[in-house]
Amino acid sequence: MSGEVTYDASGETEVTTGEARAETPELTPGDGALGCHSGADMEQAARMAGQSELLEQFAKDYPTGPHDKPQSMCPAFGSLRVGLRMRRVATVLSGSACCVYGLTFVSHFYGARRSVGYVPFNSETLVTGKLFEDIRDSVHELADPERYDAIVVTNLCVPTASGVPLRLLPDEINGVRIVGIDVPGFGVPTHAEAKDVLAGAMLNYARKEIEAGPVAAPSGGVSDRPTVTLLGEMFPADPMMIGAMLAPMGLAAGPVVPCREWRELYAALDCGAVAAIHPFYTSAVREFEAAGRPIVGSAPVGVDGTHTWLAAIGDAFGLKQSHVAASQNAFVPAVREALDGVNLNATITLSGYEGSELLVARLLIEAGADVPYVGTACAKSAWNAADAAWLEAQGAKVQFRASLEDDCAAVEGIRPTLAIGTTPVVQKAKELAVPALYFTNLISARPLMGPAGAGSLIEVIQAAIANKDRMEHMREFFEGVGAGDTAGVWEGAPNVREDFRALNAKKIERAAKAAKAAEMI
């Protein structure tokens, strides 16, 4: 598709039906003890099971390095969360029971209000292909058009490595769309990028529906102005702020992808341009480009970011400079005013896995902070290259695909005034009596765009920096507890055996010498 979307006035959408082939490929036995951290073993099994094309696409979409294994929660949580947030969409998982338990637990911890389907398996059903038949039977049983627009079936590590062919599922059953995806921890590096796996699959399905004929209009109606689709989950106030900034140019903010209902996918594709607010949605970008939509990177964050982003949007739509200037003159001074009365005068290290780390760092620098290190678990892309260049020009070290070790080393080496990062990074900072903020809950859960973002973020940063004395008191109070010989739970003094330590040290020394000798042979 390269033109406009045609909406069906009746509100109904026809879905192309696909039939599953009767036969299934021979499956490679999977070991339930393996998982996302099994790395090469699971990847090799997947390739032997005919999954090479899938893994090569993952490698292209989500390049790895320096680490290639998840260092946070299971990546599949990202796609699971996207599905659970959509209205009239059911979710079914296929994977080891322990993995499914963990994913359902954390999904309900984060507020999921619906059940997660699960198709169990054992060695026999996995090897014989019966697992695929069980999955097919489950989606047939679940496909009720009165309740669902779509069913998302997700293969976790073991079914993916064993070649369970979700592509053979019907495209629809009783008018309910069936979307099958593989989200193995050995192929998808982060849970942020797993969101893209599902978003891209849904956009691909919706794009083909649009090409086949008229589709249902969004429940909120079709915008009377050209729209900008917003790519990446964000604080609810941010799309409204972006919409206000677009209005003087005669534009409107379109849907946020990942969407909250299926019809929004049509409206998302029916846009004039896509704003890649989060830069890791490679699969989704591919679908928008296939639909002929231009992509604009970065976001309206801070003074420089807002000015540049509005200009880029104007270029994407071919607008007159006077229209772009109207928006810039209305909002850039407002952002500058929000920052003028602020001088953080603090050294801040920042890291996370949400995808917005570079944007937050830009805002902090414009607020007067020194940000020597910015780590993101996401990869470098065309959509965050401008942000990286801006930060490096300000003296920041930007580490893409940052490992936990990178982030902790930055905190320990720099000893910042404030550390922003993931849970273990915050823990490391507190051990050093450095005030710290959890990125996901305390930074991502606030507005970031335009004047509202500047005011809200700075407030929480200043409050955290003011906790330095409290951190020092806590470290003094707990000095010597929970570290070294006192780690763990003790009712009395630990029984330290220096003789055992000396013996173990000698064993380690001998092993090191043997390894060195082996290298010389």
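This report walks through the cores, a buried helix, a sheet and the largest pocket of a predicted model.

## Two nonpolar cores

Let's start on the inside. In soluble globular proteins, nonpolar side chains tend to be buried together. The largest nonpolar core here has 80 residues, and the members that touch the most others are Ile 151, Leu 231 and Phe 288. Helix α8, which covers residues 191-212, is the top contributor to this core, giving 10 residues. A second core, separate from that one, has 59 residues, including Ile 242, Leu 251, Leu 418 and Leu 457.

Phe 288 is a good residue to pick out in the structure. Setting aside neighbours within four places in sequence, Phe 288 is in contact with Leu 203, Thr 229, Leu 231, Val 257, Ala 268, Leu 269, Val 274, Arg 293 and Ile 295.

## A helix wrapped by its surroundings

Now find helix α9, residues 237-246. Why is this helix described as largely enclosed by the rest of the structure? Seven of its 10 residues are buried, so the rest of the structure largely encloses α9. Those buried residues are Asp 238, Pro 239, Met 241, Ile 242, Gly 243, Met 245 and Leu 246.

What do the buried residues of α9 pack against? Two strands, β8 (227-231) and β9 (252-257), are on the list, along with the helices α12 (302-317), α13 (321-340) and α19 (450-465). One buried residue of α9, Ile 242, also appears in the second core.

## A parallel sheet with a helix on it

Next comes an open sheet of five strands, paired in parallel in the order β14-β13-β12-β15-β16. At its edges are β14 (397-400) and β16 (436-438), each of which pairs on one side only. From one strand to the next, the twist averages 10°.

To see the pairing up close, look at β12 (residues 347-352) and β13 (residues 370-376): these strands run parallel and are joined by five bridges. For example, Leu 350 has Val 374 in β13 as its bridge partner. Helix α16 (residues 404-414) packs on this sheet, where it touches β12, β13, β14 and β15 (418-421). The direction of α16 makes about 165° with that of β13.

## The largest pocket

Finally, the largest pocket holds about 1100 Å³ of space. It is lined by 32 residues, and the closest to its centre are Arg 167, Gly 180, Ile 181, Ala 201 and Asn 204. Elements giving two or more residues to the lining are α2 (52-61), β6 (176-182), α8 and α11 (282-290).

Which element provides the largest share of the lining? That is α8, with seven residues. Helix α8 also gives the most residues to the largest core.

Technical notes: Residues numbered from 1 in each chain as written. Predicted model: local features only at pLDDT ≥ 70, side-chain atom pairs only at ≥ 80, totals over all residues. Heavy atoms only, no water. Core = buried A, V, L, I, M, F, W, Y, C linked by side-chain atoms within 4.5 Å. Buried < 20%, exposed > 50% of the residue type's maximum accessible area, 1.4 Å probe, protein only. Helix = DSSP H or I, 4+ residues; strand = E, 2+ residues; numbered from the N terminus. Contact = heavy atoms within 4.5 Å. Pairing = 2+ DSSP bridges. Axes fitted to C-alpha atoms, helices over the stretch in contact; angles between N-to-C directions. 1 Å grid on protein atoms, 1.4 Å probe; cavity = no way out; pocket = protein on both sides within 12 Å on 5 of 7 lines; lining within 4 Å. Points joined across faces, edges and corners; volume = space filled by probe spheres on them.
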